[in-house]
Amino acid sequence: KGIAGVAWDAKLMLLVTGGTVSTVIESYDYVLTQKKLWNSSGGSKGANIVVTSYSGGISFAKAEDYPAWCVMFDKLGLEGILSVTATTNAKDNVDVVGDMPSTCASSFLIVVNSSNELDELESVTGFGPKSVDISAPGESILTTDKNITNYKLESGTSLATPIVAGAIALMYSIPCKAIAEAADADPSDLAAKVKIALMSSVDQKQSMKGLTVTGGRLNIIQAFVELQKEYKDCDVVILPATKFKILDIRSVSQSLFRANYESPSIAEKSYFISDVSGRVLLHGKFSSQLVGSFNFEINDLVSGAYSLTVVDEGKNVSFGFGVVRN
């Protein structure tokens, strides 16, 4: 409550690993067992895990000293599970000084460091052109907290890593018959292709060049596009925002709102009002002009952030706004 993740409505399996390598391996093995049950039973048993997210490790450790740990990523991958892990929060070249599990070599492992609010590599984050794969936002991320304030800003690779894991979960959710069939027929091959799409679609950044495998920052929309090049019969087309513009949203009364817009066409449009969790509170349609407005009424709206999404000939435009009740 109060924050939103990358993949809404995703189910999480939370595992407490303890502080030893053996318990980490045991936790991965539990995930593997559940996925094997799912695959062998046609989905009647186990759990359909598609990605793991792990924000822990051992600094200055080398993969050759932890073979049982590293081999888990290939075992998970063969069942169709990608693993995402955080690298160190020190300005170290892990290729040289080591880090676990960053230095494990597996085609099913994605190692993440963090970018900052300027869309550059964070000043204190691990790197390595062989071991660290991709950057993702990890500075000043709003998250929940157990203290009296309930929320706080946190920074580090432990914040960037679940963003990448969430992106992978979201990629698996694309409504596409071919992807669903691939998940059943050859989950390992699908996992490999999801990783390729994710890695090949980053935004290249000068501050990351030569410091990670991709040299770029996660771009979820482009990852969708890349995956759909492989599976072409998807039911939804992921496109950038259209030229439709929400100019402003004004409160007419306590429950009535008016959105002013500019549109490239007069085609009828649909709109969706959602809360920060992605739950749709209201939806409807309106007749469009090139410049105009439409009203929507929503009761019992508490103060907070909401999004308005307008579907314009198959293309989505989102506009976030705050509402304060009198």
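# Reading helix packing, strand pairing and backbone details

Guide: In this predicted model, helix H4 (residues 157–172) and helix H7 (residues 220–230) pack with their axes 10 Å apart and at an angle of about 40 degrees.

Visitor: How are H4 and H7 oriented to each other, and why?

Guide: The general idea is to place the angle in a class, where angles under 35 degrees count as roughly parallel and 65 to 115 as roughly perpendicular. At about 40 degrees, H4 and H7 are therefore oblique to each other. The crossing of H4 and H7 is, in addition, right-handed.

Visitor: Which residues of H4 meet which residues of H7?

Guide: From H4 come Ala167, Leu170 and Met171, and these meet Ile220, Ala223, Phe224 and Leu227 in H7. Sorted by class, the contact of H4 with H7 has seven nonpolar residues, with no polar and no charged ones.

Visitor: What is the angle between H1 and H2, and how far apart are their axes?

Guide: Helix H1 (residues 21–41) packs with helix H2 (residues 67–78) at an angle of about 10 degrees, and their axes are 10 Å apart. Angles under 35 degrees count as roughly parallel, and H1 and H2 are therefore roughly parallel to each other.

Visitor: Which residues make up the contact of H1 with H2, and how do they divide by class?

Guide: On the H1 side there are Val21, Val24, Ile25, Tyr28, Asp29, Val31 and Leu32, which meet Ala68, Trp69, Met72, Phe73, Lys75 and Leu76 in H2. The residues of this contact divide into eleven nonpolar, no polar and two charged.

Visitor: Turning to the strands, in what order do E11, E12 and E15 stand in their sheet?

Guide: A sheet is read from strand to strand, and here the three strands form an open sheet in the order E11-E12-E15, with antiparallel pairing. The edge strands are E11 (245–251) and E15 (291–297), each of which pairs on one side only. From one strand to the next, the twist averages 25 degrees.

Visitor: How many bridges join E11 and E12, and which residues stand opposite each other?

Guide: E11 pairs with strand E12 (residues 256–262) in the antiparallel sense over six bridges, and a hairpin of four residues joins E11 to E12. Ser251 stands opposite Phe257 in E12, while Ile249 stands opposite Ala259 in E12.

Visitor: What is the pairing between E12 and E15?

Guide: E12 and E15 also pair in the antiparallel sense, over seven bridges, and Tyr261 stands opposite Gly292 in E15.

Visitor: Where in the backbone should I look at the omega and phi angles?

Guide: For omega, look at the peptide bond from Met100 to Pro101, which is cis, with a value near 5 degrees. Pro101 has its place in the loop between strand E4 (99–100) and strand E5 (109–115). For phi, look at Asp9, which has a positive value of about 65 degrees although it is not a glycine; Asp9 lies in the segment before H1.

Visitor: What, finally, does the radius of gyration say about the chain as a whole?

Guide: The idea is to compare the chain with what its length would give for a compact globule: with 326 residues, such a globule would have a radius of gyration near 20 Å, and the chain, at 22 Å, agrees with this. Along its principal axes, the C-alpha trace spans about 65 × 45 × 40 Å, and the secondary structure of the chain comes to seven helices and 17 strands.

Notes. Residues are numbered from 1 along each chain as its sequence is written. This is a predicted model: local features need pLDDT of at least 70, side-chain atom pairs count only at pLDDT 80 or more; totals for chains, interfaces and linings use all residues. Side-chain values use heavy atoms; hydrogens and water are left out. Axes are lines fitted to C-alpha atoms, for helices over the stretch in contact, and angles run from 0 to 180 degrees between N-to-C directions. Helices (H or I, at least four residues) and strands (E, at least two) are DSSP runs, numbered from the N terminus. Angles under 35 degrees count as roughly parallel, over 145 as roughly antiparallel, 65 to 115 as roughly perpendicular and the rest as oblique. Contact means heavy atoms within 4.5 Å. Ala, Val, Leu, Ile, Met, Phe, Trp, Tyr, Cys and Pro count as nonpolar, Asp, Glu, Lys and Arg as charged, and the others, Gly among them, as polar. Two strands pair if DSSP finds at least two bridges between them. A crossing is left-handed if the near helix is turned anticlockwise from the far one by less than a right angle, and right-handed if clockwise. The radius of gyration is taken over C-alpha atoms; the globule rule is 2.2 Å times the number of residues to the power 0.38.
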